[in-house]
There are 2 protein chains.
Amino acid sequence: MVTIKDVAKVAGVSIATVSRVIHDGHQVGEACRARVKKVIAELGYRPNSNARALVSKTTNTLGVVTPKLSMPFFGSLASGVEKGARENNYKLLMSNSLYETKSEQEAIDSLRDHNCQAIILHSEYSDEKTLLKLANEIPGLVLINRYMPAIANRCVWLDNVAGARQATDYLINRGHKNFAVITSIYQNGDPGFRLQGIRESLKLAGLHLAEAAIEESTANMEGGEQAVQALLNKGIQFTALLAYNDLMAIGAIHALFAAGLRVPEDVSVIGFDDLIVSRACRPRLTTMHYPVEEMASYATKLAIQLSDTSIEPENRTHLFIPQLVERDSVADAPESRG
Amino acid sequence: MVTIKDVAKVAGVSIATVSRVIHDGHQVGEACRARVKKVIAELGYRPNSNARALVSKTTNTLGVVTPKLSMPFFGSLASGVEKGARENNYKLLMSNSLYETKSEQEAIDSLRDHNCQAIILHSEYSDEKTLLKLANEIPGLVLINRYMPAIANRCVWLDNVAGARQATDYLINRGHKNFAVITSIYQNGDPGFRLQGIRESLKLAGLHLAEAAIEESTANMEGGEQAVQALLNKGIQFTALLAYNDLMAIGAIHALFAAGLRVPEDVSVIGFDDLIVSRACRPRLTTMHYPVEEMASYATKLAIQLSDTSIEPENRTHLFIPQLVERDSVADAPESRG
DNA sequence: GTGAAAGCGCTAACAC
DNA sequence: GTGTTAGCGCTTTCAC
């Protein structure tokens with residue numbers, strides 16, 4: 001390994017001079033700087049980032065904690081963070097929290113050990129108190145997809161209620177009157193807000209949503225299938241189905257066709273997230289676009305900014321709005337057709 | 001920040017003793033150890049990993065370079081690496097190479113700066129010479145999804161030829177005689193090997209594959225659609241379609257239905273990779289399972305092992321075989337049905 | 001069993 | 001402009 005000493009020796013200068021040259025120091029003589037640069041190139045010298053971090057206490061390292069990278073949603077999130085990190089010349093440390101409080105905590109701790117100045121956290125399980133404490137200890141901590149009023153300016157989140165309302169309104173405008181909803185068994189967080197949005201819109205339109213028309217299941221394809229089967233078994237009549245997310249929506253479409261129902265002719269289905277899968281199913285899924293990647297990049301820049309405590313943080317929150325993506329899984333209500 | 005000195009002071013011992021306690025040192029007195037441990041817990045002391053890395057020259061850090069995390073395939077790869085890293089108590093540094101030689105190189109360099117002892121590299125663009133040089137400099141470098149004879153024992157790869165043969169044979173056994181293939185315009189690497197496998201199997205079965213029945217396009221859904229449209233426009237007759245990957249296969253299914261052809265009744269379609277999307281489309285896609293996540297975990301352990309130059313590396317390569325996953329997009333050939 | 005001390009590679013005063 | 005020097009927090013001999 002070639003160190004700053006080696007460079008200094010070969011170039012016939014002191015290590016301080018080499019250090020200055022590296023830091024674009026304009027306080028070094030022309031000729032000298034050129035010589036040092038040449039030696040650096042020849043020797044292939046690369047500063048040791050550990051030594052640098054140790055003394056300067058600034059690591060230019062950013063950490064991200066998500067449940068599981070193999071889930072396309074989190075892959076996109078990670079990709080957005082990576083982009084933000086790269087653009088700011090930060091290194092990216094990554095940790096899966098595996099949907100567990102304990103490993104979530106471990107993941108965060110390990111990032112802290114590594115002196116991450118900025119951390120992007122997608123936390124589903126830690127309680128508010130823990131998060132608040134953490135936020136207090138780490139200025140560069142930003143929460144993504146979670147809103148906590150006490151640290152509103154550290155939250156980058158999506159307006160799930162508005163998104164769900166938009167989806168519901170769209171269906172209402174298409175003439176639908178008979179709704180069913182499939183949602184996650186875990187009603188804290190996103191699922192709860194989306195359901196709330198659905199309820200609000202329906203109520204405003206004077207439409208009734210029976211409790212029996214809301215089916216809970218796991219938030220994946222299988223869950224979507226099962227939920228629809230349950231709905232059908234109960235004899236619920238519906239022409240419009242709102243799914244908690246794309247995966248459930250796709251499972252629903254499978255189950256609907258298996259039951260001899262056509263999408264969108266008999267039943268319109270709408271998803272949420274706009275993952276790649278939504279373009280893979282047939283019919284292509286109409287859904288609410290969740291700009292995760294963009295939000296993640298944004299959160300990254302915010303985290304880096306906040307980690308510099310010398311600048312006063314803005315006192316505002318960071319709210320994104322989902323957009324409707326019209327594809328082929330929604331049609332006008334059968335009864336309203338010519 | 002609480003340092004080892006703080007702990008030593010509070011516990012009334014020297015920093016050396018604290019260090020020993022941390023390292024499970026059994027060379028510390030019972031009472032003393034207990035006291036130090038208590039202080040560590042009380043103060044919430046966590047060793048500074050930079051300082052540690054600096055002196056011990058062992059960072060326990062692993063880097064991974066993939067084109068883009070938002071692609072489900074690479075998300076899975078990253079997830080596998082994360083698992084391997086976590087199990088070995090390694091930290092994970094991540095870099096996107098964005099499908100460009102230059103950023104691929106930058107990504108690798110940045111990992112080196114950070115003293116990664118082990119690196120998992122999914123390289124599509126760097127040439128063999130560059131890779132060889134790199135492998136030479138970094139003992140813990142492992143190539144995933146690329147085979148280079150000169151460093152065979154550093155390669156974790158998939159037998160694409162065998163996979164393609166298996167897929168083709170399966171179709172042949174189902175009575176198909178008229179084949180078409182849609183593949184990537186980039187024929188270096190995986191696409192070339194898969195096409196080779198297809199050709200071998202067909203030839204062995206005495207079946208002819210006209211050049212016109214091979215259509216090249218981009219390796220995504222749109223590419224799959226376009227390729228099938230081109231095939232259809234040319235008037236190619238086929239009952240079996242082999243797609244380079246799942247995405248192309250799904251695009252193909254869309255195009256086939258759009259043209260009034262049913263899958264699998266009129267045309268059987270087979271994919272490759274077994275991404276989540278393959279379970280999202282209708283009919284569900286029969287495909288070759290690519291065990292990326294498993295391979296990535298394996299590669300990670302291998303890289304960590306290789307990075308320890310004190311142990312002699314095994315002189316063998318690491319080859320994985322894809323597995324056929326039967327779902328609903330393949331049926332017996334129409335002409336062979338009762 | 002425990003402490004003192006050297007030093008990992010680097011940055012940042014502080015001299016000259 | 002350039003060099004000297006004091007650490008950053010830690011591990012690791014080497015004494016005692």
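## Two buried residues and two helix pairs

His254(A) has a relative accessibility of 7%, under the 20% limit, and therefore counts as buried. The model is a predicted one. His254(A) belongs to helix H11 of chain A. Leaving out residues up to four places away in sequence, His254(A) touches Glu225(A), and from chain B it touches Arg279(B), Ala280(B), Cys281(B), Arg282(B) and Arg284(B). The C-alpha atoms of His254(A) and Gly224(A) lie 8.7 Å apart, with the two positions 30 residues apart in sequence numbering.

Asn245(A) sits in the loop of chain A that joins strand E8 (240–243) to helix H11 (246–258). Is Asn245(A) buried or exposed? Asn245(A) is buried, because its relative accessibility is 7%. A polar atom of the Asn245(A) side chain is 3.4 Å from the backbone oxygen of Ala219(A). Ala219(A) is also one of the contacts of Asn245(A) beyond four places in sequence, a list that further includes Arg194(A), Gly271(A), Phe272(A) and Asp273(A).

The table gives the geometry of two helix pairs.

| Helix pair | Residues | Axis separation | Angle | Crossing |
|---|---|---|---|---|
| H1(A) and H3(A) | 4–11 and 30–43 | 9 Å | about 125° | right-handed |
| H5(B) and H13(B) | 72–87 and 292–307 | within 7 Å | roughly 40° | right-handed |

In chain A, H1(A) and H3(A) pack at about 125°. An angle between 115 and 145 degrees is neither roughly perpendicular nor roughly antiparallel, so H1(A) and H3(A) are oblique to each other. On the H1(A) side the contact is formed by Asp6(A), Val7(A), Val10(A) and Ala11(A), and on the H3(A) side by Arg35(A), Val36(A), Val39(A), Ile40(A) and Leu43(A). By class, this contact has 7 nonpolar residues, 2 charged residues and no polar ones.

In chain B, the axes of H5(B) and H13(B) cross at roughly 40°, and these helices are therefore oblique to each other as well. H13(B) contributes Val292(B), Glu293(B), Ala296(B), Ser297(B), Thr300(B) and Lys301(B) to the contact. Among the residues of H5(B) that meet them are Phe73(B), Ser76(B), Leu77(B), Gly80(B), Val81(B), Lys83(B) and Glu87(B). How many residues of each class does the contact of H5(B) with H13(B) have? The contact has 6 nonpolar, 6 polar and 4 charged residues.

Terms used
Residues are numbered from 1 along each chain as its sequence is written. Chains are lettered from A and ligands numbered from 1 in the order in which they are written. This is a predicted model: local features need pLDDT of at least 70, side-chain atom pairs count only at pLDDT 80 or more; totals for chains, interfaces and linings use all residues. Side-chain values use heavy atoms; hydrogens and water are left out. Helices (H or I, at least four residues) and strands (E, at least two) are DSSP runs, numbered from the N terminus. Buried means under 20% relative accessible area, exposed over 50%, partly exposed in between (1.4 Å probe, protein chains only). A polar contact is a pair of N or O atoms within 3.5 Å; within protein, one must be able to donate a hydrogen and the other to accept it, and residues adjacent in sequence count only if both atoms are side-chain atoms. Contact means heavy atoms within 4.5 Å. Axes are lines fitted to C-alpha atoms, for helices over the stretch in contact, and angles run from 0 to 180 degrees between N-to-C directions. Angles under 35 degrees count as roughly parallel, over 145 as roughly antiparallel, 65 to 115 as roughly perpendicular and the rest as oblique. A crossing is left-handed if the near helix is turned anticlockwise from the far one by less than a right angle, and right-handed if clockwise. Ala, Val, Leu, Ile, Met, Phe, Trp, Tyr, Cys and Pro count as nonpolar, Asp, Glu, Lys and Arg as charged, and the others, Gly among them, as polar.
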